[in-house]
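Hi,

Here is the structure I said I would pass on. Have a look at it first, and then read my notes below.

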Amino acid sequence: MNSEKAVRAIGIYGGGVFFGVMTVAQPFFTLYADALGASTALIGLIVTLRSLLPMFIAMPIGQMIDTLGPFRMTKIGCLLLMASLAIMSWSSTLLVLAVSQVLLGASMIIMASSLQVLATDGEQDKAKRNKNINRFSMWSSVGNMAGPLLGGLVVSYYGSSIWSYRSAFIASFIVCSVCFILVSLIKSQDGPGKLTKTKELFKPKEMLNSYISGIHLTRHRGVQFGLVGTFLIMFIQALYGSFIPLYLNEHGYSAFIISSVISLMGLSGLVSRFLLGQFMKRVTLETILLTAGCVASICLIFIPVASLHIIGIGIITFLLGSSIGMNLPVTIMIMVEETKESERGKVMGLRLLTNRLSQMTAPAMFGLLGQSFGLTAAFYTGGGMLLATMLGFAVYSSNRQAPVKSEASASTAAEQSSNL
């Protein structure tokens, strides 16, 4: 394997490791904070900090990827992730743990953007590019499935105590350290980097210019649709990842059952991506996004009823995970198709900015609702609002010119399904 293919492989398979670690760090952090005595509202506030810093650095990070290269930025993101996990592993002070979530949020936006660019970087052929996008998303689903399951085993082994959650964070830190060493052994295809220009990106004027230069990409209909679709879906995912563990814990489910439920979400996302090619033959990508968003919103409404029995929560989780699983490859395909390769960093930064906005709004709103009315009422209210939003956007979209479903997209999807 030459160095170019090795670097692209890091982008594809690295998504599995990255999302695997994230699905340990995110849900078990809320349980860890709960065990330390934090209220539901405080947990929501701390989780919101994950998205606060990325809100300001999303577009500069996209430009840094274009300047320094995605491979170098991946290593920077990995170091930040390791620092966050180290803090979570050794501190029980909520103020210090809040800092760990700021670092975790910065790592999330850097690594997610960089890995997505690595997976598509240098590939001019549309069919191969879409295939790499789908492979990246499928390995991400594998990580989403394996991460919480392995983390749950670690937590269960130590008896769901404060130390057990720390042990899961330590195990994740070790995995990241090993991966960082292995990645460092590969020769980078990035250029020497323009450090002076990179420093200038974080000056207030340059940060403002980076957002202005990125916002112009929203003139593309595909970018607009991708941003709206990803905002609503990621809003639901943020609620599920942060508050479902707390809700199931309140209902007496064990740490292993909770981790298995989260793992099932990753498995369902993997299954849905295998079926994506068949869906693309029949309907447009935009229709897939709208349908997935409505199904996910309905699932959110039925979570309180489904949680009364493990089978019910399993069914709801599978449907919800399948809907969310469609989001990553579909939004990337829609947005990449209408942008130049030189703008990939910016468009991924714009997409991640939208993700962070939704993931910042969701825990803050849901934490306050949960603290005031209880998590059950919060699920009903949040799900109803999102369903109404999705249906409203569907009506608005139907009044615009429908996109033409290309045979090339369908054939590409069919090839992906047969080869993966």
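**What I found**

Start with S107, whose contacts beyond four places in sequence are F18, M22, G77, L80, L81 and A112. Keep in mind throughout that this is a predicted model. S107 sits in helix α4, which covers residues 94-120. Its relative accessibility is 0%, so S107 counts as buried.

Two of the residues that S107 touches, F18 and L81, come up again in the nonpolar core. The largest such core has 104 residues, and F18, L81, I303, L320 and F379 are the ones with the most contacts inside it. Helix α1, residues 3-35, supplies the largest share of this core, with 14 residues. Apart from that core lies another one of 7 residues, including L217, V223, L227 and L350. As for I303, if you skip neighbours within four places in sequence, it is in contact with Y240, I244, Y247, I313, I316 and F379.

Next, helix α3, which runs over residues 70-90 and holds T74. Is T74 buried or exposed? T74 has a relative accessible area of 7%, and buried means under 20%, so T74 is buried. Outside the four places on either side in sequence, T74 makes contact with M111, S114, L115 and L118.

On to the cysteines. How many disulfides are there? The count is 0. C78 is in no disulfide: the nearest cysteine sulfur belongs to C176 and is 5.1 Å away, whereas a disulfide needs the two sulfur atoms within 2.5 Å. C78 counts as buried because its relative accessibility is 9%. C294 is buried as well, with a relative accessible area of 16%.

Then there are two residues that both touch F225, namely F393 and L289.

- F393 lies in helix α14, residues 375-398, and counts as buried at 15% relative accessibility. Not counting residues up to four places away in sequence, F393 touches F225, V228 and L290. F393 and F225 are 168 residues apart along the chain, yet their C-alpha atoms are separated by 9.9 Å.
- L289 belongs to helix α11, residues 285-306, and is buried, with a relative accessible area of 3%. Its contacts, again leaving out neighbours within four places in sequence, are F225, G229, N327, V330, T331, I334 and M390. L289 and G226 are 63 residues apart along the chain, and 8.4 Å separates their C-alpha atoms.

Last, the surface. Which residues make the nonpolar surface patch? They are L267, V271, F274, L275, F279, V283 and F318, and the patch comes to about 510 Å². Helix α10, residues 255-282, gives the most to this patch, with 5 residues. L275 is placed in that helix, α10. Why does L275 count as partly exposed? Its relative accessibility is 42%, and partly exposed means between 20% and 50%, so L275 falls in that class. For background, nonpolar side chains in soluble globular proteins tend to be buried together.

If you want somewhere to begin in the viewer, I would go from S107 in helix α4 to the 104-residue core, and then over to the patch that includes L275.

Cheers

Key:
Residues are numbered from 1 along each chain as its sequence is written. This is a predicted model: local features need pLDDT of at least 70, side-chain atom pairs count only at pLDDT 80 or more; totals for chains, interfaces and linings use all residues. Side-chain values use heavy atoms; hydrogens and water are left out. Helices (H or I, at least four residues) and strands (E, at least two) are DSSP runs, numbered from the N terminus. Buried means under 20% relative accessible area, exposed over 50%, partly exposed in between (1.4 Å probe, protein chains only). Contact means heavy atoms within 4.5 Å. Patches are made of residues with over 30% relative accessible area and no salt bridge: like charges are joined within 9 Å, nonpolar side chains (Val, Leu, Ile, Met, Phe, Trp, Tyr) within 5 Å. Accessible areas come from the Shrake-Rupley method with a 1.4 Å probe; for residues, only the protein chains shown count as cover. A salt bridge is a side-chain nitrogen of Lys or Arg within 4 Å of a carboxyl oxygen of Asp or Glu. A nonpolar core is a set of buried Ala, Val, Leu, Ile, Met, Phe, Trp, Tyr and Cys residues joined through side-chain atoms within 4.5 Å.
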